[in-house]
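Q: Could you walk me through this model, starting with the ring contacts and then moving on to the helices and a pocket?

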Amino acid sequence: MTLAQVNVAAAHYYFGSRENLLQAVLERRAQQINAARKERLLRCIDRNGESASVEKILEAYIGPALEICSDPKGWLFVRVSALASVDPSSEVQDIMQSTYDETAGLFVDALKRACPKLKTAGLYWRLQCVYGAMLYLRANNGRVARILNRETGPLDARAVREALRHIVPFLAAGFGDYTRKR
């Protein structure tokens, strides 16, 4: 609370608990992400229930999570949500997961339609890779830039577009053998 320059007693008075505070923070920003994801994912499913390409589905789901980083205060939300996503508390995990359950369900449904031959175990591991890549990209901790001796900067709109241009085909390749051929 020191970094936020907030009195802990005042935060407790208004929110009652750290979980309620987290819920309030998530409701504000996650609604933006979820609305954009839902709109884009619904466009990925046609009237016959057929799904778009895995690339389009991945872009529809990952894009909004990265785009929030280019918002001037978005990096603060990303830090809070990244820390909360690895918090071992079941209360925090319930809040995090329930916040994104609806759009995660649409995402999984679209992937299942696009990859009808993919078994649940295979989908599980591929989703682990998708979520891991998304979390690491959003964390933007400079590790990869350091290894490559490259300057790093914030995930502004240009960097988000570049990240999507590289990460979407890379992750989609992991679904390659299971996609519906068009």
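The chat below goes through aromatic pairs, some individual residues and one pocket.

Q: Before we start, what kind of model is this, and how are residues numbered?
A: This is a predicted model, in which local features need pLDDT of at least 70 and side-chain atom pairs count only at pLDDT 80 or more, while totals for chains, interfaces and linings use all residues. Residues are numbered from 1 along each chain as its sequence is written, and side-chain values use heavy atoms, with hydrogens and water left out.

Q: OK, how many aromatic pairs turn up in the whole structure?
A: The search finds three aromatic pairs, where rings of Phe, Tyr and Trp (its six-membered ring) pair if their centres lie within 6.5 Å, and planes under 30 degrees apart count as stacked, over 60 as edge-to-face and the rest as tilted. In one of them, tyrosine 61 and tyrosine 131 have ring centres 5.9 Å apart and planes at 85°, so this pair is edge-to-face.

Q: Where do tyrosine 61 and tyrosine 131 sit along the chain?
A: They link distant parts of the chain, 70 residues apart, with tyrosine 61 in helix H3 (residues 54–67) and tyrosine 131 in helix H6; helices here are DSSP runs (H or I, at least four residues), numbered from the N terminus.

Q: And are those two buried or exposed?
A: Tyrosine 61 is buried at a relative accessible area of 1%, whereas tyrosine 131 is partly exposed at 33%. Buried means under 20% relative accessible area, exposed over 50%, and partly exposed in between, with a 1.4 Å probe and protein chains only.

Q: What else is around the ring of tyrosine 61?
A: The charged end of arginine 37 sits over that ring, 3.8 Å from its centre, the criterion being that NZ of Lys or CZ of Arg is within 6 Å of the ring centre and within 35 degrees of the ring normal. Tyr61 also forms one aromatic cluster with Phe107 and Tyr131.

Q: Staying in H3, what does proline 64 touch?
A: Proline 64, which lies in helix H3 and is buried at 3% relative accessible area, is in contact with Ile33, Ala36, Arg37, Arg40 and Glu59, leaving aside neighbours within four places in sequence; contact means heavy atoms within 4.5 Å. The C-alpha atoms of proline 64 and alanine 36 are separated by 6.1 Å, although the two are 28 residues apart along the chain.

Q: How about lysine 56, buried or exposed?
A: Lysine 56 is also found in helix H3, but counts as exposed at 51% relative accessibility.

Q: Switching helix, which residues does arginine 29 touch?
A: Arginine 29 is found in helix H2 (residues 18–43) and is buried, with 7% relative accessibility. Not counting residues up to four places away in sequence, arginine 29 touches Ile68, Asp71, Lys73, Gly74 and Phe77.

Q: And which ones are in contact with threonine 99?
A: Threonine 99, in helix H5 (residues 90–114), is buried at 17% relative accessibility. With neighbours within four places in sequence left aside, the contacts of threonine 99 are Gln23, Leu26, Ala30 and Asn34.

Q: New topic: how much space lies in the second largest pocket?
A: About 730 Å³, a volume being the space filled by probe spheres set on grid points joined across faces, edges and corners. On a 1 Å grid over the protein atoms alone, where a 1.4 Å probe fits, a pocket is an open set of points with protein on both sides within 12 Å along at least five of seven lines, and lining residues have an atom within 4 Å of a point.

Q: Which residues are closest to the centre of that pocket?
A: Of the 23 residues that line the second largest pocket, the closest to its centre are Leu137, Asn140, Val144, Arg150 and Leu155. The largest share of the lining, six residues, comes from H8.

Q: Where is asparagine 140 found?
A: Asparagine 140 is in the loop between H6 and H7, is partly exposed at 30% relative accessible area, and has a positive phi of about 45° although it is not a glycine.

Terms used. Helix = DSSP H or I, 4+ residues; strand = E, 2+ residues; numbered from the N terminus.
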